[in-house]
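Good morning, colleagues, and thank you for making time on the agenda. Please look at the sequence and the structure as I bring them up, and keep them in view while I speak.

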Protein chains: 2
Amino acid sequence: MENINKFQTISKQALQRLPYYLNFLKSQKAKKQSNTSASMIAEGLRLNQVQVRKDLAAVSSGGRPKTGYGTEDLISDIEQFLGYNNTHDAILIGAGNLGRSLLSYKGFEECGMKIVAAFDIDKHVAGTEAGGHPIFPMEKLEDLAGRLKVKIGIIAVPAESAQEVCDLLVGSGILAIWNFAPVYLDAPEDILIQNENMAASLAVLSKHVEEKFGR
Amino acid sequence: MENINKFQTISKQALQRLPYYLNFLKSQKAKKQSNTSASMIAEGLRLNQVQVRKDLAAVSSGGRPKTGYGTEDLISDIEQFLGYNNTHDAILIGAGNLGRSLLSYKGFEECGMKIVAAFDIDKHVAGTEAGGHPIFPMEKLEDLAGRLKVKIGIIAVPAESAQEVCDLLVGSGILAIWNFAPVYLDAPEDILIQNENMAASLAVLSKHVEEKFGR
DNA sequence: ATTATATCGATATTTCGATATCGATATAAT
DNA sequence: ATTATATCGATATCGAAATATCGATATAAT
């Protein structure tokens, strides 16, 4: 059936659970489980049944009483919803330690993102390549990003230059930024900034250890 | 039902904002700003004033009307609170692409975490080193982790083996796990699992692009 | 000294996500 | 065919986090 409300809003939290469902569903498929219910996912991932059911309702309408969802159907509904099928191009800025490992990571494409070019301020780095991606000097960014109509930018530069790079990206027509620098980025409201801050995660970890273990 | 920790007076969300405050405060310090108010932080990070004030109240009591907080005092209060001062040892499992770049990342120590050893299932990898850290075979994990009294484990293995590694870590007395595998880990309730799932972040990004741009 | 004001810190309100409840229904069992 | 039940999906409730409001107070300006 058609999803009637195509502008249906799903919460960021729910969105972030979907990849976990996907992973679970794929393991179900590997086990030849042709049907999977919301309750099974909830149990496997130790989540609340209703929460899973609500999340799935936003993505698929193929659920049937007693049997649940067709495993493969649900997989493809989620992938469709997340846009894994039509790949978005991305550019990466900052080919240092982190940048290079992102460039050589092979898992992005199956999540619908393809890094098409990388840029670095360092003239010695520009001209080389990493993970099969060419690295260009920063001066080429605006022109290339515009011509390739790239919509996603990945910031892997040091904290000090992150805002500058952000401005450059916004100026080049980027719609979403994946920010690996540990700073808040100031950008227009319609630009999505997704922060991947290791320090923030670490804060949760070490606080827990402090509390459990005293210091 | 929910195990409320009475000593935990701060939410996970607030905890994750602290590193951003820290970064902002350090840039203030670099600008010779000896005092910083909650309102300044809120404006700089585009957050709600009250939210920042509440977060700060949980970590410091040095705020004064009209002047705000002493920049350096607040920095050290936050660092103290997050445990950046007394370093926790960690071990990393899985010296593949991702694992190796985590091993060579230099920023963890200033956040109070030090990777003391790495492990890998592959006999060819064990015996080598990465980022100045020795890599041991998996068999040595339990013994080493126990003797070194390590409390943090970092999982950087493929999805398939993540649960197995998790069990091993829990058995070795680990208190908190930083999980880079895109799977839900089943562990006792008092073990903290902090998931770092790139696919989840990507989901948010690409959904945004889909919505803004159509296909 | 008096006044104005920026900021803190406490309390109230709102918002939003998580959870509980319950009726509807497709399937399996009898 | 009838009945039992697992599951869906909708609605209601709950709770935590975000935000608004406001009084108290330290500092600066007059």
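**Contacts with the DNA, and the sheet of chain B**

I begin with a single contact: a backbone N or O atom of B:Ala38 lies 2.9 Å from a phosphate oxygen of DNA strand C. Please bear in mind throughout that this is a predicted model.

Let me stay with DNA strand C. In the side chain of B:Arg53, an N or O atom is 2.9 Å from a phosphate oxygen of this strand. Chain A contributes as well: for A:Arg64, the distance from a side-chain N or O atom to a phosphate oxygen of DNA strand C is 2.8 Å. Which elements give two or more residues to the surface near DNA strand C? They are α1 (12–30) and α3 (49–57) of chain A, together with α2 (38–45) of chain B.

Taken as a whole, the surroundings of DNA strand C comprise 20 residues, of which A:Arg17, A:Gln51, A:Arg64, B:Ala38 and B:Arg53 come nearest. By class, the residues of this surface near DNA strand C divide into 5 nonpolar, 9 polar and 6 charged. Of the atoms of DNA strand C within 4 Å of the protein, sugar or phosphate supplies 75%, and bases supply the rest.

I turn now to DNA strand D. It is surrounded by 20 residues, and the closest are A:Ala38, A:Arg53, A:Tyr69, B:Arg17 and B:Arg64. Of the atoms of DNA strand D that come within 4 Å of the protein, sugar and phosphate account for 73%.

Three side chains of chain B deserve mention here. A polar side-chain atom of B:Arg17 is placed 3.0 Å from a phosphate oxygen of DNA strand D. For B:Arg64, a side-chain N or O atom is likewise 3.0 Å from a phosphate oxygen of DNA strand D. For B:Asn48, the corresponding distance from a side-chain N or O atom to a phosphate oxygen of that strand is 3.1 Å. The elements giving two or more residues to the surface near DNA strand D are α2 (38–45) of chain A, along with α1 (12–30) and α3 (49–57) of chain B. The residues of that surface comprise 5 nonpolar, 9 polar and 6 charged.

Next, the record. In an unreviewed entry, UniProt lists residues 20–59 of chain A as "DNA-binding region". Across residues 20–59 of chain A, the chain is 70% helix and 5% strand, with the end C-alpha atoms 14 Å apart. The UniProt feature "binding site", also from an unreviewed entry, is placed at A:Gly94, A:Ala95, A:Gly96, A:Asn97, A:Leu98 and A:Gly99. A:Gly94 sits in the loop between β3 (88–93) and α5 (97–104) of chain A. Is A:Gly94 buried or exposed? Its relative accessibility is 5%, so A:Gly94 counts as buried.

Let us move to the sheet of chain B. It is an open sheet of 7 strands with mixed pairing, in the order β5-β6-β4-β3-β7-β8-β9. The edge strands, each pairing on one side only, are β5 (129–130) and β9 (192–195) of chain B.

Why is strand β3 (residues 88–93) of chain B described as largely enclosed by the rest of the structure? The reason is that 5 of the 6 residues of β3(B) are buried. Strand β3(B) pairs in the parallel sense with strand β4 (residues 113–120) of chain B, over 6 bridges. Within that pairing, B:Ile91 has B:Ala117 of β4(B) as its bridge partner. Between these two strands the chain passes through helix α5 (residues 97–104) of chain B, in a right-handed β-α-β crossover. Strand β3(B) is also joined by 4 bridges to strand β7 (residues 152–155) of chain B, running parallel. There, B:Ile91 stands opposite B:Gly153 in β7(B).

Further along, strand β8 (residues 176–179) of chain B pairs in parallel with β9(B) over 4 bridges. B:Ile177 has B:Ile193 in β9(B) as its bridge partner.

I close with backbone geometry. Most residues other than glycine have a negative phi. A:Arg46, in the loop between α2 and α3 of chain A, has a positive phi near 55°. B:Lys66 has a positive phi of about 75° although it is not a glycine. B:Lys66 is found in the loop between α3 and β2 (69–70) of chain B, and B:Lys66 is exposed, with a relative accessible area of 87%.

Methods: Residues numbered from 1 in each chain as written. Chains lettered and ligands numbered in written order. Predicted model: local features only at pLDDT ≥ 70, side-chain atom pairs only at ≥ 80, totals over all residues. Heavy atoms only, no water. Buried < 20%, exposed > 50% of the residue type's maximum accessible area, 1.4 Å probe, protein only. Pairing = 2+ DSSP bridges. Right-handed = clockwise from strand over helix to strand, strands pointing away. Near = heavy atom within 4 Å. Polar contact = N/O pair within 3.5 Å; in protein donor to acceptor, adjacent residues only side chain to side chain. Nonpolar A, V, L, I, M, F, W, Y, C, P; charged D, E, K, R; others polar. UniProt positions renumbered as here; feature names shortened; annotations may be inferred.
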